[in-house]
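Please examine the sequence and the model shown below before reading on. The account that follows is meant to be read alongside them.

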Amino acid sequence: MVFLLCWMIILLFPAGALWAWRRAGRRGLALFSALAIGTVVALALLAASQRGGNRLAQTYGYGYTATRTLLLAALALIVPLIASAASVWATAPRLRPGLVYLIGSATALVGIFVGTVAAIYLIWS
């Protein structure tokens, strides 16, 4: 599920962010980003629960698994969303849409890499 979310953030979120920017400007981009972040948080909370398939929740409790899962989701998924949205916000008024999409996708890719390394460092050290 995490790999699917990563690919969605790299490939689909910049396109949606660009669409939201062109349709409603800053407000549309902020709303689209908030909706995407809320979805990631909801999926992280679901993944931390027993009903979501997490067997550690029974042993360690939901509070422990939820905080660790939210930390991982925040660093590995939400930081790239914010970075990609910021790059779309900064480049959309000046560049053509195809280039804005490529910059947003590259920013999300770098954000996922940096966020995952930071999450591994913080969670397991």
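The paragraphs below proceed from the overall architecture to the helix contacts, the nonpolar core and two individual residues.

The model is a predicted one. Its secondary structure consists of four helices and zero strands, and the order of elements from the N terminus is accordingly written α-α-α-α. The C-alpha trace extends over about 50 × 25 × 20 Å along its principal axes. The protein has 125 residues, of which 38% are buried. Among contacts with a sequence separation of 6 or more, 65% join residues that are 24 or more positions apart.

The contact of helix α1 with helix α3 is a suitable place to begin. Helix α1 covers residues 2–47 and helix α3 covers residues 62–91; their axes come within 8 Å and cross at roughly 160°. An angle over 145 degrees counts as roughly antiparallel, and α1 and α3 are therefore roughly antiparallel to each other. The crossing of α1 past α3 is right-handed. In composition, the residues of this contact comprise 28 nonpolar, three polar and one charged.

Helix α1 also meets helix α4. The axes of α1 and α4 come within 9 Å and cross at roughly 140°, which makes α1 oblique to α4. As α1 passes α4, the crossing is again right-handed. On the α1 side, the participating residues are Cys 6, Ile 9, Ile 10, Leu 11, Pro 14, Ala 15, Leu 18 and Arg 22. Their counterparts in α4 are Pro 97, Val 100, Tyr 101, Gly 104, Ser 105, Ala 108, Leu 109 and Ile 112. Sorted by class, the contact of α1 with α4 contains 13 nonpolar, two polar and one charged residues.

The nonpolar core may be considered next. The largest nonpolar core has 23 residues, and within it Leu 77 and Val 88 touch the most other members. The elements contributing two or more residues to this core are α1, α3 and α4, the last of which spans residues 97–123. Helix α1 provides the largest share of this core, with twelve residues. Which residues does Val 88 touch, when those up to four places away in sequence are not counted? They are Pro 14, Ala 17, Leu 18, Trp 21, Leu 29, Pro 93 and Val 100. Of these, Pro 14, Leu 18 and Val 100 also belong to the contact of α1 with α4.

Two residues of helix α4 merit separate attention. Ser 105 is located in α4. Is Ser 105 buried or exposed? The threshold for burial is a relative accessible area under 20%; Ser 105 has 10% relative accessibility and so counts as buried. Apart from neighbours within four places in sequence, Ser 105 is in contact with Ile 10 and Pro 14, both of which are listed on the α1 side of the contact with α4.

Ala 119 likewise lies in helix α4. Because its relative accessibility is 0%, Ala 119 counts as buried. Once residues up to four places away in sequence are set aside, Ala 119 touches Leu 72, Leu 75 and Trp 124. Ala 119 and Ala 76 are 43 residues apart in sequence, while their C-alpha atoms are 6.8 Å apart in space.

Notes. Residues numbered from 1 in each chain as written. Predicted model: local features only at pLDDT ≥ 70, side-chain atom pairs only at ≥ 80, totals over all residues. Heavy atoms only, no water. Axes fitted to C-alpha atoms, helices over the stretch in contact; angles between N-to-C directions. Parallel < 35°, antiparallel > 145°, perpendicular 65-115°, else oblique. Left-handed = near helix turned anticlockwise from the far one by under 90°. Nonpolar A, V, L, I, M, F, W, Y, C, P; charged D, E, K, R; others polar. Core = buried A, V, L, I, M, F, W, Y, C linked by side-chain atoms within 4.5 Å. Buried < 20%, exposed > 50% of the residue type's maximum accessible area, 1.4 Å probe, protein only. Contact = heavy atoms within 4.5 Å.
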